[in-house]
Amino acid sequence: MENNILKKHYIFFIGEELPQPEAHLVQSTNAANAAANLGYSTVLVYYEKGLKAINPVNLVRPFQPKQTPIELIEYYNLHEKLKVAPLAMPWPIDYFRSKFTDSNTIASKYYLPFYILPTTKLVHSRNWNFIKAAIRNGIPAIYEHHHHEEKPFELEIVTNPLLQIAVTVVDTIRESMIKNGMPPEKVITLHNGFNRLFMQRQPEKAAEWRKKLLQEENQHLVVYAGALQQFKGIDVLIDVASEMPNVQFVCAGGKPGEVEYYQQLVKEKQVNNIKFLGYILHNELASLLQAADVLAHPHCSGKAATFTSPLKLFDYFASGTPIVSTEIPSLVEFQDTQAIAAWCEPDNPSKFAESLKRVLETHPRKIEGYPDSINFVQQFSWENRAAKILSYVDEPLLPQLIM
């Protein structure tokens with residue numbers, strides 16, 4: 001009885017350091033934040049390296065849930081209900097290639113069974129090794145899987161009743177998971193969510209962005225937010241900008257090396273009306289999306305287009321700003337809605353430019369945003385997603401509510 005009382009935490013495990021500007025980390029942190037907002041005793045677990053990792057207290061008492069640091073709150077727009085528990089990974093962990101000095105091994109073989117297990121009711125992770133370790137230690141688990149892989153799932157794990165549900169974001173990945181051994185009844189398709197911050201109107205901050213980015217008051221502003229990678233359509237967007245020299249294009253996101261690469265590319269191509277801002281904190285990005293006349297989603301065709309989760313697209317919707325998107329398989333279901341102002345074929349800068357010009361004419365900027373997209377996205381809150389996932393968990397295995 002005492003053991004059951006101790007087991008209360010809903011653990012979201014991330015096998016990386018935080019914060020980093022990666023889409024999958026935005027997804028995982030916001031998923032954990034939503035579970036905490038629902039009232040569950042939720043703990044976000046991630047790695048801590050460097051000088052912080054050699055703190056003797058962290059080594060003696062390695063799993064101590066605490067308040068989320070302000071750095072993570074601002075970086076991912078998290079709330080005060082979520083707790084965190086950084087796992088110290090001091091030298092020589094990950095400095096030498098060996099399974100005995102690998103952080104995933106340390107987390108699964110050391111931290112989990114000896115320190116995390118005693119107070120954990122449920123584990124949720126995209127890290128398959130950690131999911132396997134949880135189940136082998138008798139902990140119920142939820143697995144998230146968002147990319148195509150050809151590696152078969154272990155039969156002993158996928159058939160274990162402790163694996164409550166596997167979650168993916170598009171049907172094509174669900175099909176490949178089933179092909180690789182995941183029982184069909186154990187895998188569901190569920191979209192990611194939107195961050196509610198993007199729905200809060202910020203007219204003053206939006207006006208500041210326009211003043212900062214535009215050369216003239218009546219100039220149009222087109223914004224892209226997301227990863228700076230070729231398959232995301234960044235090269236296409238540069239070509240679009242060259243066809244629309246009187247419009248200011250802005251890209252928010254990307255690692256420093258990617259930003260530097262594209263800044264050099266536009267210089268070589270002599271495209272002077274596109275700026276790369278790098279990673280923007282969510283509390284600043286929301287007002288940037290509202291500052292735009294149009295938001296661009298220029299994703300290219302190819303394999304990635306079959307599984308791309310529209311994570312950033314939902315934040316686009318919440319901003320209420322008109323959207324121009326390419327027609328890719330993972331977005332087909334949104335084509336019958338009014339939430340996206342225009343669609344065009346992928347990989348075609350001229351077609352994308354035509355669509356942008358048309359939307360700029362038909363959708364004048366509204367400070368209050370367009371209601372079609374704002375109303376449409378309400379169903380995709382992170383909290384709704386978390387509740388749907390937990391509805392597949394056997395009631396006795398649900399984590400503790402602390403509301």
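**Salt bridges, cavities and cis bonds**

Reader: How far apart, N to O, are Asp239 and Lys269, whose side chains meet in a salt bridge?

Author: Happy to start there: the side chains of Asp239 and Lys269 form a salt bridge, a term for a side-chain nitrogen of Lys or Arg within 4 Å of a carboxyl oxygen of Asp or Glu. The pair links distant parts of the chain, with Asp239 in helix H10 (residues 234–243) and Lys269 in helix H11, 30 residues apart; helices (H or I, at least four residues) and strands (E, at least two) are DSSP runs, numbered from the N terminus. The N to O distance of this pair is 3.3 Å.

Reader: What should I keep in mind about the model and its numbering?

Author: This is a predicted model, in which local features need pLDDT of at least 70 and side-chain atom pairs count only at pLDDT 80 or more, while totals for chains, interfaces and linings use all residues. Side-chain values use heavy atoms, with hydrogens and water left out, and residues are numbered along each chain as its sequence is written, from 1.

Reader: Is Asp239 buried, partly exposed or exposed?

Author: The cut-offs are under 20% relative accessible area for buried and over 50% for exposed, with partly exposed in between (1.4 Å probe, protein chains only). Its partner Lys269 has 40% relative accessibility and so is partly exposed. Asp239 has a relative accessible area of 28%, so the label is partly exposed.

Reader: Which residue forms a salt bridge with Arg196?

Author: Arg196 lies in the loop between strand E8 (187–189) and helix H9 (203–213), and its partner lies in helix H16 (residues 382–390), so the pair ties together parts 187 residues apart in sequence. Arg196 is partly exposed because its relative accessible area is 41%, whereas the partner is buried at 16%. The closest N and O atoms are 3.7 Å apart, and the partner is Glu383.

Reader: How many residues apart are Glu22 and Lys255?

Author: The closest N and O atoms of the Glu22 and Lys255 salt bridge are 2.9 Å apart. Glu22 sits in the loop between E1 and H2, and Lys255 in the loop between strand E10 (248–252) and helix H11 (256–269), so to speak distant parts of the chain, their separation being 233 residues.

Reader: How many disulfides are there?

Author: A disulfide counts as a pair of cysteine sulfur atoms within 2.5 Å. The sulfur of buried Cys251 (0% relative accessibility) is 13 Å from the closest cysteine sulfur, in Cys300, which is too far for a bond. Likewise, for Cys344, buried at 6%, the closest cysteine sulfur is 11 Å away in Cys300, again too far. The count by this rule is zero.

Reader: What is the volume of the largest cavity?

Author: On a 1 Å grid over the protein atoms alone, a cavity is a set of points where a 1.4 Å probe fits but cannot get out, with lining residues having an atom within 4 Å of a point. Grid points are joined across faces, edges and corners, and the volume is the space filled by probe spheres set on the points. The lining of the largest cavity includes Phe12, Gln27, His124 and Glu144, and strand E1 (9–17), helix H2 (23–37) and strand E5 (120–125) each supply at least two lining residues. The structure holds three cavities of 30 Å³ or more, and the volume of the largest is about 70 Å³.

Reader: Which residue is joined to Leu18 by a cis peptide bond?

Author: Most residues other than glycine have a negative phi, and most peptide bonds are trans. Here the bond is cis, with omega about 0 degrees, and the partner of Leu18 lies in the loop between E1 and H2. That partner is Pro19.

Reader: What is the phi of Asp94?

Author: Asp94 is placed in the loop between E4 and H5, and counts as partly exposed because its relative accessibility is 33%. Pro92 is found in that loop between E4 and H5 too, following a cis peptide bond from Trp91 with omega near 15 degrees. Although Asp94 is not a glycine, its phi is positive, about 70 degrees.

Note on methods: 1 Å grid on protein atoms, 1.4 Å probe; cavity = no way out; pocket = protein on both sides within 12 Å on 5 of 7 lines; lining within 4 Å.
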